[in-house]
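Here are a few notes to help you find your way around. Have the viewer open and follow along.

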Amino acid sequence: MASAAGGALLAMSASALADAPSVVTSIKPVHSIAAAVMKGVGEPVILIDGAASPHGFALKPAQASQLQNADVVFWIGPDLSASLEKPISSLAASADIVELINAPGVSHLGIREGANFDAHDHDHGHGDHAEAEHGHDDHEEHADHDDHGHDDDKHAEAEHGHDDHDHEKHADHDDHGHDDDKHAEAELGHDDHDHDHDHDHEKHAEADHDHEGERDAHIWLNPDNGIAIAAQMAATLSKVDPDNAATYQKNAQAFSEQIEALEHDLEHDLEPAAGKAFIVFHDAYHHFEHHFDVEASGSITLSPEALTSAERVDQIRHQIKDLGVTCVFQEPQFDAKLVDVVIEGSDARVGTLDPLGTELQNGPDLYPNLLKGLAASLSSCLGGES
């Protein structure tokens, strides 16, 4: 009798999975939140897994098939991975496509400019955050934008041909340090021609585009945004799969409670990092820094995939010395040689930050573990541990 009951339960579970909507997600943190919301109903698919970067990702044939069969697609939007915009819109045309950067309740920060994140950038970010906290953010504009402004976004992406990380204004600097420039260039294997080409490219990007009105797309690193993303997922899935709506809503509520409790723990864990100057590899962590009031002083590179000019390396070197930078953070999916170059001759330590949870196991636990890992890395390096 027990065996028959067990068999019936397995059959019911298999039936539930078979009836679950086909959900495709973009990056590991988005997949994790979707897995938490879908727990007990089904499992989402992930496109950008492992050490793959969302900037300039190339879709594989099997993933094209997954998009064609999708009922729902959850992704941050073209602000983060412009290369996915065309495949998603064409292959998943019959699916519910949700750009999570426009989800209700998500707070936004502007793009920080230059190698140095000065007080203007910080004040601007706090203003955005304050507006979001008081319910005066631009969500209503984003909601309308979903329906009416998307074509404009596509046109803008086509005009510029690159994502948010491929353009950034230079901070002004003086003429000293050219010997350091040459040394950095030699260390990085870039000759004068490479440097000139890279510098011309950055100047061209600066001339063609500025960051006014643009949003930092790494929204998931603010835990409050993670909660808002889960709520949007639950709402979408409840509409697509009303039979399991109660489960989605229950799971989203449980996720919210889990992350709210985690926030309090992370505030305590980050106390050793308070007031310490640090440099990040690329500007991916502003939402996390801003939420927990541990702001970075600058970033080494414009984009993790782009060559970094010797001029920018020199700016960061001077900043490390001038600000007494405690720690410079590398990322596991990129070569650490550039970090070694910028800290040469300084007392700065090297730490590791990972905005995607590259080395974490996929599933509902990845997202909270990602936040824990960022806090642990910051507090360890900035607090004095090697």
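Are Arg112 and Glu289 buried or exposed? Keep that in mind while reading; point 1 has the answer. One caution before starting: this is a predicted model.

1. **Arg112 and Glu289.** Arg112 is buried, and Glu289 is buried too. The two form a salt bridge, with 3.0 Å between the closest N and O atoms. Arg112 sits in the loop between E4 and helix H5 (119-133), while Glu289 belongs to helix H12, so the pair ties together parts that are 177 residues apart in sequence. There is also a wider network here: salt bridges with shared partners join Arg112, Asp283, Glu289 and Glu295.

2. **Arg215 and Asp79.** Here is another salt bridge to look up, at 3.5 Å from N to O. Arg215 comes from the loop between helix H9 (192-208) and H10, and Asp79 from the loop between strand E3 (72-75) and helix H4 (85-91), so parts that are 136 residues apart in sequence are tied together. Both Arg215 and Asp79 are buried.

3. **Lys239 and Asp96.** This salt bridge has its closest N and O atoms 3.1 Å apart. The pair links distant parts of the chain, with Lys239 in helix H10 and Asp96 in strand E4 (residues 96-99), 143 residues apart. How exposed is Lys239? Its relative accessible area is 60%, and over 50% counts as exposed, so Lys239 is exposed. Asp96 has 24% relative accessibility and counts as partly exposed. If you want to hunt for others, the structure holds seven salt bridges.

4. **Helix H11.** This helix covers residues 245-269. Why should its 25 residues span 36 Å? The expected span is 1.5 Å times one less than the number of residues, and the end C-alpha atoms are indeed 36 Å apart, so the model agrees with the expectation. Several residues of H11 are buried, among them Tyr248, Phe255, Ile259, Leu262 and Leu266. Asn251, Ser256 and Glu263 are also on the list of buried residues. What covers the buried residues of H11? The cover includes helix H2 (28-37), helix H10 (223-240), helix H12 (286-292) and helix H15 (366-382).

5. **Strands E1 and E2.** Finally, have a look at strand E1 (residues 23-27) and strand E2 (residues 45-48), which pair in the parallel sense over three bridges. To find the pairing on screen, start at Val24, whose bridge partner in E2 is Val45. Together with H2, which also helps cover H11, E1 and E2 make a right-handed β-α-β unit.

Key:
Residues numbered from 1 in each chain as written. Predicted model: local features only at pLDDT ≥ 70, side-chain atom pairs only at ≥ 80, totals over all residues. Heavy atoms only, no water. Helix = DSSP H or I, 4+ residues; strand = E, 2+ residues; numbered from the N terminus. Buried < 20%, exposed > 50% of the residue type's maximum accessible area, 1.4 Å probe, protein only. Contact = heavy atoms within 4.5 Å. Pairing = 2+ DSSP bridges. Right-handed = clockwise from strand over helix to strand, strands pointing away. Salt bridge = Lys/Arg side-chain N within 4 Å of Asp/Glu carboxyl O.
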